[in-house]
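Thanks for coming. I have one structure to go through today, and I will stay with its helices and its core. Please look at the screen.

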Amino acid sequence: MDDTLRKEIEGIKANPHFVELVMAWHGVIGGTDVDFTAEKESAAYQKKIKRWTQRDWGTKWQFYWKVISNECWKARRQIVLQKNLFKMEPRGPNPNHRRRDEALWNAVFDLRNYFEKVSGRPHMGLLGRLFFPKALEVTFNGEWHDRKDWFKSEKGDERLETLELFYTHNRARILETLQTRIPFYAKWESLSPISPSDVSH
């Protein structure tokens, strides 16, 4: 976020760090996708599972083997691990009807509610400059208008309260994550080194 936007956010009594948290929470900044499972089914592993299938299902084994190899393994290979700065979760293959740029518009929705809470206005011009700096405000407003029905059933106040509580209780760690771009959960990942000072806390 550049200094001009930061000052503009501060000018409406909003917190730029909280704005960045919301963007990072939804993966608009600091988000990556990686393979959910790094290992592939080796030939030896497949033979072993095939033997077990033959043993367990007798004459019907071919049907179950087809399900395992074509549906179970194929589906697992299509899952990706969505890693943001503040959360990670497995995500299956994108369905044909998946909403385009859903994470970005989730962030717009939450920040729109946040700006209304702190200043009484949604500040769509500011949101437009934040997410689409090269687009005209009227274009951004039109894009939002086309998507606002996505959020009809969402409880914006509850979503915002959850994010604000998370920020309040983890402020120092959140600021460190935003500055270093090292994910919030990195210390708890199984392959991450843990220093003695981490254990003592």
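By a nonpolar core I mean a set of buried Ala, Val, Leu, Ile, Met, Phe, Trp, Tyr and Cys residues joined through side-chain atoms within 4.5 Å. Keep in mind that this is a predicted model.

The largest such core here has 37 residues, and F86, L111 and F131 have the most contacts inside it. At least two residues of this core come from each of α1, α2, α5, α6, α7, α8 and α9. The biggest contribution is that of α5, with eight residues.

Now to α2, residues 16-25. Of its 10 residues, eight are buried, so to speak of it as mostly covered is fair under a cut-off of 20% relative accessible area. The buried ones are P16, F18, V19, E20, L21, V22, M23 and A24. What lies over them includes α1, α5, α6, α8 and α9.

The two ends of α2 are next. At its start, a side-chain oxygen of N15 comes to within 2.8 Å of the backbone nitrogen of H17. After the helix comes G27, with a positive phi near 80°.

Back to F86. Outside its neighbours within four places in sequence, F86 is in contact with L21, A24 and W25, and also with F166, I174, T177, L178, F184 and Y185.

One of those partners, T177, sits in helix α9. Is T177 buried or exposed? T177 counts as buried because its relative accessibility is 2%. Apart from neighbours within four places in sequence, T177 is in contact with L85, F86, I182, P183 and F184.

Conventions. Residues numbered from 1 in each chain as written. Predicted model: local features only at pLDDT ≥ 70, side-chain atom pairs only at ≥ 80, totals over all residues. Heavy atoms only, no water. Buried < 20%, exposed > 50% of the residue type's maximum accessible area, 1.4 Å probe, protein only. Helix = DSSP H or I, 4+ residues; strand = E, 2+ residues; numbered from the N terminus. Contact = heavy atoms within 4.5 Å. Polar contact = N/O pair within 3.5 Å; in protein donor to acceptor, adjacent residues only side chain to side chain.
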